[in-house]
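Subject: Structure for you to look at

Dear colleague,

Here is the structure I said I would pass on. My notes on it follow below.

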Amino acid sequence: MSQDLLAQGQDKTVLFLGRVVTATKAEDLPLAYVYNPKAGRGALSDNFGMVEMYVFPGDSLVFTYVGYQKKYYIIPKNTDQVHRAIISLSEESKMLSEVKVFPHSSEEEFKQAFLNMRLRDEKQRGILANNLEQSKLNVFALQAGMGASSNFRNFSDQMVSAQANKTFYASPILSLTNPFAWINFIQSIKNGDLKKKEWKKAYEFLPKENISRQQFLRESNANK
């Protein structure tokens with residue numbers, strides 16, 4: 001047996017007569033709940049806020065009532081066989097969130113109004129949906145320039161093509177578009193090379209269009 005039970009067994013039983021009222025003592029609180037945690041039992045006040053229960057000196061009573069703050073009351077150690085007390089409870093104030101009341105006569109009317117409600121960002125949502133339309137995305141993709149990977153692939157293809165065709169026949173006309181070729185051309189005029197007829201042979205053996213390199217070499221060898 002615990003020390004608390006031994007102590008209670010040695011103390012005299014006290015009849016607690018209490019009255020539960022508001023903090024201003026202007027109104028009784030009926031059906032207030034009084035609980036004795038040490039004894040494990042409780043009681044309710046009557047319609048006039050009166051409550052009675054047997055306790056031991058030193059017991060702590062808990063008074064609760066809806067809408068009021070919880071309050072503790074300790075039975076004095078030195079008390080008579082009947083102990084009277086007035087317990088005043090203070091109102092409990094709570095800040096509630098704002099509640100909006102809409103003038104809808106039925107649930108169906110409320111649902112329809114909710115579906116027709118315009119959102120604050122409805123315009124931005126419309127612009128976003130319009131910009132993300134697949135047909136416009138395709139147009140944007142065609143108008144946009146090549147990315148880094150596409151540029152690198154295009155440059156690599158050009159380098160491979162130049163390397164493969166570097167031994168192909170080069171037309172004198174194309175060479176004259178090179179600024180450095182003009183120096184050689186002017187020098188050839190000074191040397192009198194144009195008076196010679198050998199340069200015309202280059203135009204007689206220009207490669208045909210859409211022929212392979214092997215075919216061009218065979219025809220060149222045949223004309224020698």
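I started with the sheet. In this predicted model, four strands make up an open sheet with antiparallel pairing, and their order is β3-β2-β5-β6. Its edges are β3 (41-44) and β6 (71-74); each has a single partner strand, so one side of each has no neighbour in the sheet. On average, neighbouring strands of this sheet are turned by 25° against each other, with direction ignored.

At the β3 edge, the partner is strand β2 (residues 33-36), and the two pair in the antiparallel sense over four bridges. Within this pairing, Asn36 lies opposite Arg41 in β3.

The other item is on the surface. Phe102, Phe110, Phe114, Leu115 and Met117 make a nonpolar surface patch of about 570 Å². One of these residues, Phe110, sits in helix α2 (residues 107-115). Phe110 has a relative accessibility of 38%, so it counts as partly exposed, given that this class lies between the 20% and 50% limits.

Some totals for the whole chain:

- Nine helices and seven strands are found in the chain.
- The chain has 224 residues, of which 17% count as buried.
- Its accessible surface is about 18,300 Å², and carbon and sulfur atoms hold 56% of that.
- Among contacts with a separation of 6 or more, 49% are between residues 24 or more positions apart.

If you open the model, the sheet and the patch are the two places I would like you to view.

Regards

Terms used: Residues are numbered from 1 along each chain as its sequence is written. This is a predicted model: local features need pLDDT of at least 70, side-chain atom pairs count only at pLDDT 80 or more; totals for chains, interfaces and linings use all residues. Side-chain values use heavy atoms; hydrogens and water are left out. Patches are made of residues with over 30% relative accessible area and no salt bridge: like charges are joined within 9 Å, nonpolar side chains (Val, Leu, Ile, Met, Phe, Trp, Tyr) within 5 Å. Accessible areas come from the Shrake-Rupley method with a 1.4 Å probe; for residues, only the protein chains shown count as cover. A salt bridge is a side-chain nitrogen of Lys or Arg within 4 Å of a carboxyl oxygen of Asp or Glu. Buried means under 20% relative accessible area, exposed over 50%, partly exposed in between (1.4 Å probe, protein chains only). Contact means heavy atoms within 4.5 Å. Two strands pair if DSSP finds at least two bridges between them. Axes are lines fitted to C-alpha atoms, for helices over the stretch in contact, and angles run from 0 to 180 degrees between N-to-C directions.
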